[in-house]
Structure formats: structure tokens, C-alpha cells
Amino acid sequence: MDIQWKKQITKSFSLTGFSIKADAMKCIINRIKNEGYDITLLIDNLLKNLDKSQLNNNIIDLQTIEGCFKLIDTINSSDAIEKEALKVIDAFNTPLFNFDSNSKQFIKCENFDRSLHGSSNSKSDLYRKRYLKVLQRTERNEYFATPVLASDKLKNEYQTITPLSSLLGNTGRKHVLGTISQIEEDQFYIEDLNTHVKIDISKAKFEFGIVTINSIIQASGEFIDGIFIADKIQLPPTEERCETLKFLQNIDMFGERPQKKTMEQLIKYEKEKEDNSILFLSDVWLDSERVMERLDYLFGGYKDCPPFAMILMGNFTEHPLINGTQYQLKKYFNQLATIIQKYPNIHQFTQFIFVPGPTDPTGSLLNILPKFPISNVFIKEFLSAIPKSTFTTNPCRIRYCSQEIIVFRDDLTNKMRRHCILEPSQSCDISQHLIELICSNSHLCNLTLEDKPIYWNYDHAMSVYPLPDILVIGDKSNQYEHSRSDGTYSMNPSSFSTDYSFAHYIPASKQFYYNKADRPSDEFEDDDNEDDDENQEVENNENQNENEENQNVNEIEEKDTQDENKDGDNDEIMIDENEKQKSKKRNKKVVIITKDDELNKLEDDEEILNSLDAQQSENDNQDDEQELNSNNIESEVQEVEKEEDEDEEPIDNDKLDQFIE
């Protein structure tokens, strides 16, 4: 029977111009035996769902046959569609493509060095690949792509990228493309694939973006006495996503691209599921009680309509876990699992994706990118309790149906601003300058390897080419969102541990909503605390006034016992004390007015209004009593002075002279 099946399979594929390998043949026969397929229908389905665009030749191998079976199962099962809807690609499984300058195409590199400790060639290849990726895109830009049969007049309307090696003896204003470096102290250089020259940027005009050491820039100016005097510097032009995909044709540089017919099913599924949503949270401190309370409150808000996925980015602890404290992370994730299990819908339908932060314990080398996932030692119990969870690398790539998403957790805004060598303009927000640098350089972090180390063999995992549909930067800075003309939407959900903010994304409509996990009772609690503080302040002022009044009375009595020559001074002291009392009364009135303003804000709460009115009336009565007491004190002082004046006898000058003699 097997021989007959082999003959029939070989004949069917030969009639369509294909030859099948032995391992692929064995896979088909095993499928027929195990699942009882009709061989004729099965071969027809395989040929019908065969993606010819992914074939390099007419030989059908095992991988191609497995892809066909996977596509058939996806078409026949709705559950399989949901599984295919969300794919997570970690940094270490990102495909590598090298640009061939001769054929002007990207060629996939199947067998490359995957070791973490690359050779010296790996470091030089890192910069060469970055530069070629930007150069080929810039040369295809409309300002530099000169027509082949253009006239001399038409050629003058286009710009040309001049190699640095051709600047010597080539006078006039030139446009160069290169990487900014600092080979010598206090001296910048610009480098391309062949050489490097000194560049003077002191008088260069720069408008948009951020320029740091290692950034690829486009400079315009003249080459004079061995130095390129730049009068204008700008970042390389970006390219629309659709134009890049058209140039790449069927090349999948993102990873996990489904076959054509599967993509059609996924696009249909994406449009039908209008309620599907994805939440983005950054800085989720699992060791903070208040953060865990807000997470519980957040899950409670989505318990009836659970999101399709939740992307939680680190840091997952407020302070780095070092010196043997890393195992506390296991307890924190178990606490999170307990909260998730309280909500059955979220536990059953929501996919959780965890992206580590800069200080999360993922290995001995904490600061090197790409960052490994959190170790299985800390999350083994969590995975058993929450099976629909994925722990991935930083950065990572997420494919939802037809949309490509890149997620990167790092405090880029402060780092880039600290290392910039040209002051960005104040015409727009710093986040717009940052996103422009990332998109124009096609790289997530273009700092030097000393400032931000990267595994040399995995630098392609930091690539942003072609531009994704959504670029998520988990930053501690304020929330921002930017919709670019090149088709990329960039956003920052801000820090959940700071202000409990997060981003709610609806893929069907491609809309973002920015919310905060604030409980309604928190506002009233804050108002009550403010009222208590004001009442306490009023009481403190009253006690202070009473103490000062008593002290003033004592001072007056002491001064009354002194000689007559100080009577004028006593009058001045009384005037000053009266002025102080009046000013304190004015201050009390200000406090009462402030409290009235608060009463107007809380008109709906009758209990608070009554308590505040009672407090106000008590304060008024106390003010009246204080005023009466002060008046009585003044009258008593005046009577004492009057009695002293009456009792005082006139001085006899004769007796005084006699006493002196």
C-alpha cells in the first residue's frame, strides 16, 4: 500500500512541475495512516494551498509540507485562527538579512554565528550593516534617485550622495552620508564604508531630531583643508512602510509571516473581532502594594470584557534585586497569579506577555541588549497557574493578524538627551525628536557600545526596518503618541507605578485610548484629607494666637513697672501688638474663604457641609471672644496707667539739689 501511495504522490506532484523529497513523502503517508485522509483529496489540498512564493526551486521539502498541513488545519478550525492571530518573536529568533550591494537585494542568512561572544569581525559587520541599510534607502529617496536617462538640466534638480573618499580635490558644495564618531578628543569625524574625515559642526544648521555619537547623519557643506565644513545637518530621510514592503516584495524581515491564504483568514478575523483589545503597561512593580491594588482594580474593570492580550513591561520591582534577593521575584509573580485567578474571564481568554525591564534579573549581564527573558526559575509556578502567558525578550516583536508591533522597554528619552551633541530645536516635543532618530536610523538605540552594550551577533534584533505598524517605547517620561506620515504609529504608555496610566489599543479600528487605573473613591479621600488639613491648620493658628496674646499681656505688665521715660516706648509696643492681632484676624478670614471654596465643590455631601458650617461658626465665636478679650486688656492697661499718673507726686527741685550735694 505504501508503494502505491508513493507512486501516486510522486506522479501528482510531477504533473504540476514539482519533485518531492523523501522526508516530505514520509510525512504525507503518516498523515494518511494516522488520520485516515483520502489520498486524492489530500494531495489536491496540498497542491491548492502550496505557497509557491516561498519556494526557491521546484523541490518540495518537509518544511513546506508541514506549512501546508498547518494552513489546512487553520482554515478548518476557528480555534486555530485564534492561535495564529497573535505571534511573539523574541530577539534571538529574529531573522537576519544582509544587503547585497551588487544585486541591490536583501539576502537571508540562514547559518550565522549565534554565539553571544562574537568575533572582532562581528563588531565591524555591525556598523557596516547599519550603514548599508540606511544608504540603500536614502539612494532610493526621490531627492537622490536620479533618472537613468535624465538630461543635464534635470540632473541638477537631484542631489547625489558623495563618498567621503571622493571629497579630496572635489570642490563645491557636497552631500555626504556617514556615521558621527569621536576618534580624537574634542574632534568629531564622519565615517562611511571606506574612510573617515574630520567634520566641523559648530556652524551647522540643525532643526529636527537628535544626533548622538554613532548616529548616521546626512551633512551638506564643503571640504576645505582636510575638514568637511558642514553648514546643514539632518537625519536621513525615512521611507513609508508600504514603499519598503513593495521594494522587499515577499521578504519577511519581521518574522512569523503567515502564508497568503492564512493571512486572508487573519485579516477577516481582525475585522470581525471589533471588541478585541490589547493593553500596554510599563513599570509594573509587583513588590508594591499600591501597584498590586491598582492592578486588581484594573482587572476588575475588564472582568466582563477581557482584553485579547496584555503586554506588561518591567521593571517588575521598585529596586533592583541583587545579592541573592532575586528569588523574591518568584513570590511576587505568585501574588500576581493569585489576583489574575480571581477573574475567570481574564484567566481564560487573555494572553499575558511579559517584557523585562533594565533592572530585572535575567542573567549575570544585566545591561546588554537584547535582554533575555526572565528565568524559568522565577516563573515556573506562575506558568503552571497562568498557562496563557509568554515571557519574552527586550526588545520583542509581536504580530497580531496583519499588524506588526515592536515593543522596547528602556528610558531612551533621558539617555538620548544626555548624549546628544547637537541641541534639538524647541519647536516640538523631545519625544518627536527621539522617534525621528529611531525611524531615520532604522535602529532602536544608536548609542555607542560603551554607553549601551549590544550583543554584536544580534544587533539585527534592534533593527526597525521596515518600519512597523506600531512602535511601543516603554519610557518613564510622560505619555506621548505620534502618528507619522510614513505609516508608523509610535506611543509611550508611561509608568504605571507612577500615575497608574496605561494604553488601550483596539486593532480593528487601529485606535489608542489612554486611561488611568484611578478609583472614584480616591478623589473623595483626597478632598477629605485636604479638609482635615485645613481644619488642623485653623486650630493651630488659634492656639498660636492665644499664646501670643498671653505673652503680650505679660510683656505689657512688665513694661508698666519701669520708669516714666519709657512710656512712649510702651505706647509704640501696644500699637505694634494691635497691628499683629489685626493681621492675624485677616489671616483667619483668608482660611475661612478657602474653606468656603471647598464647600462649593462638595455641595452634594450634606454631612461634610454641616460639619464645616459648624466649624466655621465656632471659629467666628472664638474670633469675637478674642476681640473682646483684647479690648478688655487694653482698657485695663489704660486704667492702670491712669492710676499711676494720679499717684505720681511732682518732683521738688530743692530737695533734689540737696540730695545731690
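**Figure 1. Helix H11 passes helix H13 in a right-handed crossing.** In this predicted model, the two elements are H11, which covers residues 328–341, and H13, which covers residues 376–385. Their axes come within 8 Å and cross at roughly 15 degrees, and because angles under 35 degrees count as roughly parallel, H11 and H13 are roughly parallel to each other. On the side of H11 the contact is made by Leu 329, Lys 330, Phe 333, Asn 334, Leu 336, Ala 337, Ile 340 and Gln 341, while H13 contributes Val 377, Phe 378, Ile 379, Glu 381, Phe 382 and Ala 385. Sorted by class, the residues of the contact of H11 with H13 comprise 10 nonpolar, 2 polar and 2 charged.

**Figure 2. Helix H10 packs with H11 at an angle of about 25 degrees.** Helix H10 spans residues 289–301, and the axes of H10 and H11 lie 10 Å apart; the angle makes H10 roughly parallel to H11. H10 passes H11 in a right-handed crossing. From H10, the residues Met 292, Leu 295, Asp 296 and Phe 299 meet Gln 335, Leu 336, Ile 339 and Ile 340 in H11. The contact of H10 with H11 is made up, by class, of 6 nonpolar, 1 polar and 1 charged residues. Leu 336 and Ile 340 of H11, which take part here, are also listed among the residues of H11 in its contact with H13.

**Figure 3. Helices H1 and H3 cross at roughly 30 degrees.** Helix H1 is formed by residues 2–15 and helix H3 by residues 39–48, and their axes come within 11 Å. H1 passes H3 in a right-handed crossing. Trp 5, Gln 8, Ile 9, Ser 12 and Phe 13 are the residues of H1 that meet Ile 39, Thr 40, Ile 43 and Leu 47 in H3. By class, the contact of H1 with H3 has 6 nonpolar and 3 polar residues, with no charged residues.

**Figure 4. Ser 277 is a buried loop residue, with a relative accessible area of 4%.** Its place is in the loop between helix H9, residues 260–272, and strand S11, residues 278–281. Not counting residues up to four places away in sequence, Ser 277 touches Pro 307, Phe 308 and Ala 309, and also His 504, Tyr 505 and Pro 507.

**Figure 5. Ala 517 is likewise buried, with a relative accessible area of 3%.** This residue lies in the loop between strand S21, residues 511–516, and helix H17, residues 520–560. When the neighbours within four places in sequence are left aside, Ala 517 is in contact with Arg 294, Tyr 297, Leu 298, Phe 496, Tyr 500 and Phe 502. Phe 502 is 15 residues from Ala 517 along the chain, and the C-alpha atoms of Ala 517 and Phe 502 are separated by 7.9 Å.

**Figure 6. Cis peptide bonds precede Pro 370 and Pro 466.** As background, most peptide bonds are trans. The bond from Leu 369 to Pro 370 is cis, with omega near -5 degrees, and Pro 370 has its place in the loop between strand S13, residues 351–355, and H13. A cis peptide bond also joins Tyr 465 and Pro 466, with omega about -5 degrees; Pro 466 is found in the loop between helix H15, residues 430–441, and strand S17, residues 470–474.

**Figure 7. Asn 214 and Glu 256 have positive phi values.** Most residues other than glycine have a negative phi. Asn 214, although it is not a glycine, has a positive phi of about 90 degrees; this residue is found in the loop between strand S8, residues 196–200, and strand S9, residues 216–224, and at 9% relative accessibility Asn 214 counts as buried. Glu 256, also a residue other than glycine, has phi near 60 degrees and lies in the loop between helix H8, residues 241–248, and H9. At 44% relative accessibility, Glu 256 counts as partly exposed.

**Figure 8. The whole protein, shown as context for the close-up views, has 20 helices and 21 strands.** Buried residues make up 46% of the 661 residues. The accessible surface comes to about 35,700 Å², and 46% of that surface belongs to carbon and sulfur atoms. Among contacts between residues at least 6 apart in sequence, 69% join residues at least 24 apart.

Conventions:
Residues are numbered from 1 along each chain as its sequence is written. This is a predicted model: local features need pLDDT of at least 70, side-chain atom pairs count only at pLDDT 80 or more; totals for chains, interfaces and linings use all residues. Side-chain values use heavy atoms; hydrogens and water are left out. Helices (H or I, at least four residues) and strands (E, at least two) are DSSP runs, numbered from the N terminus. Buried means under 20% relative accessible area, exposed over 50%, partly exposed in between (1.4 Å probe, protein chains only). Contact means heavy atoms within 4.5 Å. Axes are lines fitted to C-alpha atoms, for helices over the stretch in contact, and angles run from 0 to 180 degrees between N-to-C directions. Angles under 35 degrees count as roughly parallel, over 145 as roughly antiparallel, 65 to 115 as roughly perpendicular and the rest as oblique. A crossing is left-handed if the near helix is turned anticlockwise from the far one by less than a right angle, and right-handed if clockwise. Ala, Val, Leu, Ile, Met, Phe, Trp, Tyr, Cys and Pro count as nonpolar, Asp, Glu, Lys and Arg as charged, and the others, Gly among them, as polar. Accessible areas come from the Shrake-Rupley method with a 1.4 Å probe; for residues, only the protein chains shown count as cover.
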